[in-house]
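Open the model in your viewer and keep the sequence panel in sight. The stops below say what to select and what is there.

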Amino acid sequence: MYFHLTRLQLGGDHQIIEGADQPPRIVVDQIENFVAYLVGGEALAEKNSILQGILDNIPDTMSVKDAELNVIMYNKAGYEFFGIDPSELEGKKCYHLLKRTSPCNPCAGLQAVRTKQPAVNEKHVPELGKYLSCQANPVTGSDGRVQYIVELIRDITFQKQREKELLES
């Protein structure tokens with residue numbers, strides 16, 4: 001199986017492949033088969049399914065973002081919390097989901113990127129009418145730079161309301 005790959009664009013709803021002497025769809029099939037062969041195919045799909053099942057059973061919102069706060073994914077709880085579909089995330093920064101034009105202040109994600117250390121903060125988010133605890137964990141690449149942020153977001157509104165009631169009594 002030999003071909004010359006002249007153009008490859010992945011992502012979105014399309015793939016464009018041009019290979020010598022073969023129609024594009026055949027080339028795509030060959031690449032997919034080769035990648036599946038390299039990574040164990042069915043075993044990888046099964047591992048991804050198990051991992052997604054684990055993430056979707058975390059009751060708190062969990063997100064993966066890049067270092068510029070572009071959302072890559074949420075777990076099931078995250079999509080439900082924000083009332084969005086995965087298709088709505090393309091090109092969105094986390095703060096865009098709150099209809100903001102700039103990051104939260106304070107932002108645990110930006111702090112984790114800046115310090116390369118886990119960061120935690122609690123804040124009131126008026127757009128949601130909730131208090132949130134945000135824990136951001138940086139994921140660094142081999143070059144030492146933060147490539148991703150894994151963030152856990154917990155709704156602590158009930159806890160904050162109880163604390164306020166205790167202080168008032």
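A salt bridge here is a side-chain nitrogen of Lys or Arg within 4 Å of a carboxyl oxygen of Asp or Glu. Keep that cut-off in mind for the first stop. Note too that this is a predicted model.

**Stop 1: a pair within one helix**

Select Lys160 and Glu163. Their closest N and O atoms are 3.8 Å apart, and the two form a salt bridge. Both sit in helix H5 (residues 157-168), three residues apart, so about one helical turn separates them. Lys160 is partly exposed, at 23% relative accessibility. Glu163 is partly exposed as well, at 34%.

Stay on helix H5 and select Arg162 and Glu165. Their side chains meet in a salt bridge, 2.7 Å from N to O. Here too the partners are three residues apart in helix H5, or about one helical turn. Glu165 is partly exposed at 43% relative accessibility, and Arg162 is partly exposed at 34%. Now add Glu122 to the selection: salt bridges with shared partners join Glu122, Lys160 and Glu163 into one network.

**Stop 2: a pair between strands**

The structure holds eight salt bridges. Go next to Lys65 and Glu151. This salt bridge has its closest N and O atoms 2.3 Å apart. Which parts of the chain does it tie together? Lys65 is in strand S3 (residues 61-66) and Glu151 is in strand S7 (residues 146-155), so the pair links parts 86 residues apart in sequence. Are these two residues buried or exposed? Lys65 is buried, with a relative accessible area of 3%. Glu151 also counts as buried, at 5% relative accessibility.

**Stop 3: the nonpolar core**

Select Leu69, Tyr74, Phe82, Ile84, Leu89, Cys94 and Leu97. The largest nonpolar core has 24 residues, and these seven touch the most other members. Now colour the elements that feed this core. Strand S4 (71-74), helix H3 (76-82), helix H4, strand S5 (119-125), strand S6 (130-140) and strand S7 each supply at least two of its residues.

Centre on Leu69 and show its neighbours. Leaving out residues up to four places away in sequence, Leu69 touches Lys92, Lys93, Cys94, Tyr95, Pro103, Cys107, Gly109, Leu110 and Ile149.

**Stop 4: a surface patch**

Switch to a surface view. Select Ile72, Val139 and Tyr148. Together they form a nonpolar patch on the surface, with about 240 Å² of accessible area. Tyr148 lies in strand S7 and is partly exposed, with a relative accessible area of 37%.

**Stop 5: the whole chain**

Zoom out and turn on the cartoon. The protein chain has five helices and seven strands. Along the sequence they follow the pattern β-β-α-α-β-β-α-α-β-β-β-α. Of the 169 residues, 31% are buried. The chain exposes about 11300 Å², with carbon and sulfur atoms supplying 53% of that area. Among contacts between residues at least 6 apart in sequence, 34% join residues at least 24 apart.

**Stop 6: confidence**

Finish by colouring on pLDDT. The mean for the chain is 80, and 74% of its residues reach 70 or more. Among the elements, helix H4 (residues 108-115) has the highest mean pLDDT, 96, and strand S1 (residues 5-9) has the lowest, 39. Select residues 1-27. Over this stretch pLDDT stays under 50, and the model has 33 contacts for it beyond four places in sequence. Where pLDDT is low, predicted coordinates should not be read in detail.

Terms used:
Residues numbered from 1 in each chain as written. Heavy atoms only, no water. pLDDT = per-residue confidence, 0-100. Helix = DSSP H or I, 4+ residues; strand = E, 2+ residues; numbered from the N terminus. Contact = heavy atoms within 4.5 Å. Buried < 20%, exposed > 50% of the residue type's maximum accessible area, 1.4 Å probe, protein only. Patch = residues over 30% accessible without salt bridge, like charges linked within 9 Å, V, L, I, M, F, W, Y side chains within 5 Å. Areas by Shrake-Rupley, 256 points an atom, 1.4 Å probe, with all protein chains shown as cover. Core = buried A, V, L, I, M, F, W, Y, C linked by side-chain atoms within 4.5 Å.
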